Amino acid sequence: MSLPEKAFPVSWDQFHRDARALAWRLAGVNVKWRAIVCITRGGLVPAAVISRELGIRLIETVCVASYHDYTDQGELRILKEISPELLTNDGEGVLIVDDLTDTGKTAAIVRAMMPKAHFAAIYAKPKGRPMIDTFVTEVSQDTWIYFPWDMGFTYQKPIADSTAG
Ligand SMILES: O=P(O)(O)OC[C@H]1O[C@H](OP(=O)(O)OP(=O)(O)O)[C@H](O)[C@@H]1O
Ligand SMILES: [Mg+2]
């Protein structure tokens with residue numbers, strides 16, 4: 001996969017606001033959450049905010065690796081499974097949290113482990129959107145989301161320079 005055309009940079013401040021907005025939406029879902037399962041590593045950050053806002057203290061991880069080389073998605077590998085007690089009743093009452101869904105492949109694998117769990121992500125691209133129950137912002141498929149934990153300050157070319165010619 002080549003680098004997506006558009007960039008969607010997210011600051012810590014914006015990420016915190018969007019994670020809170022997701023928590024507000026989840027607060028309106030009529031489920032008594034028994035645990036959060038966050039998809040590492042990206043899901044760890046929104047899970048911290050959502051667990052605080054919704055008072056959920058049981059936090060589990062499912063460790064998935066796929067994008068090995070920046071934007072190139074390789075084969076998905078499960079590095080750590082979900083504890084068996086959360087898999088009971090097909091994961092009913094469990095809240096799965098990730099930072100985003102892109103192709104939906106990560107979400108599909110984790111959903112298959114807990115078909116009745118509720119899946120929440122902050123950002124969604126069109127291909128992954130059908131896999132998600134609740135999200136905050138949709139961006140186009142040709143957009144790359146830059147998260148604050150991956151970023152440093154660099155010079156930005158003016159838009160006119162990159163579109164000239
Ligand atoms: O919908 P998909 O195309 O499957 O992509 C979405 C997944 O990709 C990223 O994780 P990544 O595997 O890069 O690992 P990370 O969370 O450790 O950064 C992101 O955090 C999602 O979990
Ligand atoms: Mg991830």
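Here is a short tour of a predicted model, taking in two helices and a pair of annotated residues.

## Helix α1 and its two sides

Let's start with α1, which runs over residues 12–27 and so has 16 residues. From its first C-alpha to its last it reaches 22 Å, close to the 22 Å expected at 1.5 Å a residue.

Six names make up the buried set here: Phe15, Asp18, Ala19, Leu22, Ala23 and Leu26. They sit on the same side of α1 because they cover an arc of only 150° around the axis. The spacing fits a general rule: an α-helix has 3.6 residues a turn, so residues three or four places apart point the same way. Turn to the other side of α1 and you'll find Arg17, Trp24 and Ala27, which are exposed.

## What α1 packs against

So what do the buried residues of α1 pack against? Their partners are helix α2 (44–54) and two strands, β5 (94–101) and β6 (118–124).

Helix α2 has buried residues of its own, namely Pro46, Ala47, Val49, Ile50 and Ser51. Just after α2 comes Gly55, with a positive phi of about 70°.

## Two annotated residues

An unreviewed UniProt entry places the feature "binding site" at Asp102 and Ile145. The two are spread over 44 residues of sequence, yet they cluster in space, with a largest C-alpha distance of 9.8 Å. Both Asp102 and Ile145 are part of the lining of the largest pocket.

## A closer look at Asp102

You can find Asp102 in the loop between β5 and α3 (105–113). Is Asp102 buried or exposed? Its relative accessibility is 11%, and the cut-off for buried is under 20%, so Asp102 counts as buried.

Setting aside neighbours within four places in sequence, Asp102 is in contact with Tyr67, Lys125, Lys127, Gly128, Gln141 and Trp144. With Lys125 there is also a polar contact: the two side chains are joined at 2.9 Å.

## A closer look at Ile145

Ile145 belongs to strand β8, which covers residues 143–146. With a relative accessible area of 5%, Ile145 is buried.

Again leaving aside neighbours within four places in sequence, the contacts of Ile145 are Phe8, Val10, Leu100, Tyr123, Lys125 and Val139. Notice that Lys125 turns up here and in the contacts of Asp102. Tyr123 is worth finding too: this contact of Ile145 falls within the range of β6 (118–124), one of the elements that the buried residues of α1 pack against.

Note on methods: Residues are numbered from 1 along each chain as its sequence is written. Chains are lettered from A and ligands numbered from 1 in the order in which they are written. This is a predicted model: local features need pLDDT of at least 70, side-chain atom pairs count only at pLDDT 80 or more; totals for chains, interfaces and linings use all residues. Side-chain values use heavy atoms; hydrogens and water are left out. Helices (H or I, at least four residues) and strands (E, at least two) are DSSP runs, numbered from the N terminus. The expected span of a helix is 1.5 Å times one less than its number of residues. Buried means under 20% relative accessible area, exposed over 50%, partly exposed in between (1.4 Å probe, protein chains only). The arc is that of the directions from the helix axis to the C-beta atoms. Contact means heavy atoms within 4.5 Å. UniProt positions are given in the numbering used here, feature names are shortened, and annotations may be inferred rather than shown by experiment. On a 1 Å grid over the protein atoms alone, a cavity is a set of points where a 1.4 Å probe fits but cannot get out, and a pocket is an open set with protein on both sides within 12 Å along at least five of seven lines; lining residues have an atom within 4 Å of a point. A polar contact is a pair of N or O atoms within 3.5 Å; within protein, one must be able to donate a hydrogen and the other to accept it, and residues adjacent in sequence count only if both atoms are side-chain atoms.
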